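The following exercises are to be worked with the sequence and the model side by side. Each task is followed by a solution in steps.

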Amino acid sequence: MIELVFIVNELKERYLISINVFDIDEVGGLKSLKYFILLIVSSYFIILTLAIIADISPNAAIFIYTSPSSIITFDIIMLSLMLLAGVILFIITYQTIKNLIGKGVKLELKKINEKYKETYDQIFEIGSTKKDNDNEKELNESKIILDILEREENKIKDIYHNLFGFKEVATFITTFLLPIVTTLLPLIIK
């Protein structure tokens, strides 16, 4: 998990993410990055779950009847702290990726705004001259370009806000809850 934070920080410092608004994955070509992060986090939580299961003694259920605190060992406490550290590191990684994508979004929006201003100035220039059929045709073409730029701008803003959707949040929550339920299961069974 710590390596993931270092990798993402290295990406943030050295690279600029290019966002492709025409990519079919609806997140600007960043679906593989998103799934890579979820794969690492899910694997981490599943490994912790397996470690907790391995640490819980088969006789733990018998000891719970006599002393519920007998199930809570130093190893379980350490694994729980590792779980908390995993959540914190995931949040740090998520914020870093969001900032990295934010830089890419700002760059793309800047390009769109420059093109938008250029087209807007052309419309203003066309509108200030006398109206004839050629100017009318140019004016309509410029308006179409402005509409396309506006839609592209909205797509880019959606990419920034749709980095982690319902499916990704559900995956994170279920893999996060797995070690917690595993730890509490002997207490619940009693």
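**Exercise 1. An aromatic pair**

Is Phe176 buried, partly exposed or exposed, and what is the relative accessible area of Phe176?

*Solution.* The structure is a predicted model, and the values below are computed from it.

Step 1. Phe176 has a relative accessible area of 23%. Because buried residues must fall under 20% and exposed ones over 50%, Phe176 is classed as partly exposed.

Step 2. A search of the whole structure yields 5 aromatic pairs. In one of them, the ring centres of Phe45 and Phe176 are 5.7 Å apart and the ring planes meet at 65°. Since planes over 60 degrees apart count as edge-to-face, the pair is assigned to that class.

Step 3. This pair connects distant parts of the chain: Phe45 belongs to helix 2 (residues 31-55) and Phe176 to helix 6 (residues 166-189), with their positions 131 residues apart.

Step 4. Phe45 has a relative accessibility of 0% and is therefore buried, whereas Phe176 is partly exposed.

Step 5. Both residues also belong to one aromatic cluster, made up of Tyr44, Phe45, Phe90, Phe172 and Phe176.

**Exercise 2. The largest nonpolar core**

Determine which residues touch the most other members of the largest nonpolar core, and which helix gives the most to this core.

*Solution.*

Step 1. The core holds 23 residues, and those touching the most other members are Ile37, Val41, Phe45, Leu48, Ile97 and Phe172.

Step 2. Two or more residues of this core come from each of helix 1 (2-14), helix 2, helix 4 and helix 5.

Step 3. Helix 4 makes the greatest contribution to this core, with 10 residues.

Step 4. Phe45 thus appears twice in the analysis: as a member of the aromatic cluster and among the residues of the core that touch the most other members. Phe172 is likewise named in the cluster and among those core residues.

**Exercise 3. Salt bridges within helices**

How many salt bridges does the structure hold? Describe the bridges of Glu108, Glu118 and Lys157, giving distance, spacing and accessibility.

*Solution.*

Step 1. The total is 4 salt bridges. A side-chain nitrogen of Lys or Arg must lie within 4 Å of a carboxyl oxygen of Asp or Glu to qualify.

Step 2. Glu108 pairs with Lys111, with 3.6 Å between the closest N and O atoms. The two residues lie in helix 4 (residues 74-128), 3 residues apart, about one turn of the helix. Glu108 is buried at 12% relative accessible area, while Lys111 is partly exposed at 46%.

Step 3. Glu118 and Lys115 form a salt bridge with an N to O distance of 3.7 Å. In helix 4 they stand 3 residues apart, about one helical turn. Glu118 is partly exposed at 43%, and Lys115 is partly exposed at 37%.

Step 4. Lys157 bridges to Glu153, with the closest N and O atoms 3.5 Å apart. Here the spacing is 4 residues in helix 5 (residues 133-161), again about one helical turn. Lys157 is partly exposed at 36%, but Glu153 is buried at 18%.

**Exercise 4. Surface and overall fold**

Which residues form a nonpolar patch on the surface? Then describe the chain as a whole, including its secondary structure and its share of buried residues.

*Solution.*

Step 1. The patch consists of Phe74, Ile77, Met78, Leu81, Leu84, Ile88 and Ile92, which together have about 670 Å² of accessible area. One of these residues, Met78, lies in helix 4 and is partly exposed, with a relative accessible area of 35%.

Step 2. The protein chain has 6 helices and 0 strands, so the order from the N terminus reads α-α-α-α-α-α.

Step 3. Of the 190 residues, 35% count as buried. The accessible surface amounts to about 12300 Å², with 64% of that area on carbon and sulfur atoms.

Step 4. Among contacts with a separation of 6 or more, 82% are between residues 24 or more positions apart.

Step 5. A further case of separation along the sequence is given by His161 and Lys98: they are 63 residues apart in sequence, with their C-alpha atoms 9.1 Å apart in space. His161 is placed in helix 5 and counts as exposed, at 56% relative accessibility.

Key: Residues numbered from 1 in each chain as written. Predicted model: local features only at pLDDT ≥ 70, side-chain atom pairs only at ≥ 80, totals over all residues. Heavy atoms only, no water. Buried < 20%, exposed > 50% of the residue type's maximum accessible area, 1.4 Å probe, protein only. Phe/Tyr/Trp six-rings, centres within 6.5 Å; stacked < 30°, edge-to-face > 60°. Core = buried A, V, L, I, M, F, W, Y, C linked by side-chain atoms within 4.5 Å. Patch = residues over 30% accessible without salt bridge, like charges linked within 9 Å, V, L, I, M, F, W, Y side chains within 5 Å. Areas by Shrake-Rupley, 256 points an atom, 1.4 Å probe, with all protein chains shown as cover. Contact = heavy atoms within 4.5 Å.
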